[in-house]
Amino acid sequence: MQFSKHLIAAALTTVCAVSAYAQNVTVTDAWARATVQGQKATGAFMKITAKENAKLIAGSSPAAGVVEIHEMKMEKDVMKMAALPNGLELPAGKAVELKPGGYHVMLMDLKAPLAKDTTVPVTLTFQDAKGVKSNVELKVQVGMQAPMMQHHKQGEPMPGGHHHGDHKH
């Protein structure tokens with residue numbers, strides 16, 4: 001059953017990418033970190049590629065009261081997280097990766113915990129160089145880590161030397 005779960009996740013990602021592509025921006029590999037009861041915020045991560053220079057300027061989700069674009073960076077040996085008030089620059093044709101410890105979409109004031117192996121709807125708002133805004137609607141996979149887009153046989157070494165052997169996800 002593991003294979004079909006990955007296939008569904010890949011299909012969802014592909015559907016999101018296809019629907020987003022028509023609007024100058026492609027979003028792939030989107031995922032959000034699962035939360036526990038009482039946790040009011042989490043991060044969503046993805047790769048965004050714009051055909052022309054653009055900015056990710058806002059986000060929204062029915063699952064969260066507030067959605068912001070954030071950056072984490074080291075400042076004098078201290079990891080700081082802050083909202084990007086002017087949005088995130090997306091240079092033409094260059095994939096910008098939103099990942100743990102870097103740029104990410106922050107889902108705050110969560111209305112309920114985000115359970116592993118579910119999806120959460122997120123709408124991202126982009127603005128092109130002419131100031132024209134467009135929205136991309138995503139169904140973001142919820143998990144403990146980025147979804148694996150490659151398929152590996154049981155017990156086969158994974159990239160980086162990890163084994164996917166006997167433990168279940």
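Student: Two strands count as paired if DSSP finds at least two bridges between them, so how many bridges join S4 to S5 here?

Tutor: This is a predicted model, and in it six bridges join S4 to S5, with the two strands running antiparallel. As one example from this pairing, Lys73 stands opposite Lys80, which belongs to S5.

Student: What sits between those two strands?

Tutor: S4 and S5 form a hairpin with two residues between the strands, and within this hairpin Lys76 takes a positive phi near 50°. Lys76 belongs to the loop that leads from S4 to strand S5, which covers 78–83.

Student: Why bother pointing out a positive phi?

Tutor: Most residues other than glycine have a negative phi. Lys76 is not a glycine, yet its phi is positive.

Student: Is Lys76 buried or exposed?

Tutor: Lys76 is exposed, because its relative accessible area is 82% and the cut-off for exposed is over 50%.

Student: Which residue in strand S8 has a positive phi too?

Tutor: Asp109 does, with a phi of about 55°, although it is not a glycine. Asp109 lies in strand S8, which spans residues 103–110. Its relative accessibility is 46%, so it counts as partly exposed.

Student: Back to S4, then: where does His70 sit, and what does its side chain make a polar contact with?

Tutor: His70 is found in S4, the strand made of residues 64–75. Its side chain makes a polar contact with the side chain of Glu68, at 2.7 Å.

Student: And is His70 buried or exposed?

Tutor: His70 is buried, since its relative accessible area is 5% and buried means under 20%. Leaving out residues up to four places away in sequence, His70 touches a number of others, including Met81, Ala82, Ala83 and Leu84, as well as Tyr103, His104, Met106 and Met108.

Student: Let's zoom out, what is the overall make-up of the chain?

Tutor: The chain has one helix and 10 strands, and the helix comes before the strands when you read from the N terminus. Of the 169 residues in the chain, 35% are buried. If you take contacts between residues at least 6 apart in sequence, 63% of them join residues at least 24 apart.

Student: What about the surface, how much of it belongs to carbon and sulfur atoms?

Tutor: The accessible surface of the chain comes to about 9900 Å², and 58% of that belongs to carbon and sulfur atoms.

Student: And the inside, which residues in the largest nonpolar core touch the most other members?

Tutor: In soluble globular proteins, nonpolar side chains tend to be buried together. The largest nonpolar core here has 32 residues, and those touching the most other members are Met46, Ile48, Leu56, Val105, Leu107 and Phe126.

Student: Pick Leu56, what is it in contact with?

Tutor: Apart from neighbours within four places in sequence, Leu56 is in contact with residues that include Ile48, Ile69, Leu88, Leu90 and Leu98, along with Val105, Leu124 and Phe126.

Student: Last topic, how many aromatic pairs are there?

Tutor: The count comes to one aromatic pair. Trp31 and Phe45 form this pair, which is tilted, with 4.8 Å from centre to centre and 40° between the planes. The pair links distant parts of the chain, as Trp31 is in strand S1 (residues 25–33) and Phe45 is in strand S2 (residues 41–50), 14 residues apart.

Student: Are those two residues buried or exposed?

Tutor: Both Trp31 and Phe45 are buried.

Technical notes
Residues are numbered from 1 along each chain as its sequence is written. This is a predicted model: local features need pLDDT of at least 70, side-chain atom pairs count only at pLDDT 80 or more; totals for chains, interfaces and linings use all residues. Side-chain values use heavy atoms; hydrogens and water are left out. Rings of Phe, Tyr and Trp (its six-membered ring) pair if their centres lie within 6.5 Å; planes under 30 degrees apart count as stacked, over 60 as edge-to-face and the rest as tilted. Helices (H or I, at least four residues) and strands (E, at least two) are DSSP runs, numbered from the N terminus. Buried means under 20% relative accessible area, exposed over 50%, partly exposed in between (1.4 Å probe, protein chains only). A nonpolar core is a set of buried Ala, Val, Leu, Ile, Met, Phe, Trp, Tyr and Cys residues joined through side-chain atoms within 4.5 Å. Contact means heavy atoms within 4.5 Å. A polar contact is a pair of N or O atoms within 3.5 Å; within protein, one must be able to donate a hydrogen and the other to accept it, and residues adjacent in sequence count only if both atoms are side-chain atoms. Accessible areas come from the Shrake-Rupley method with a 1.4 Å probe; for residues, only the protein chains shown count as cover. Two strands pair if DSSP finds at least two bridges between them.
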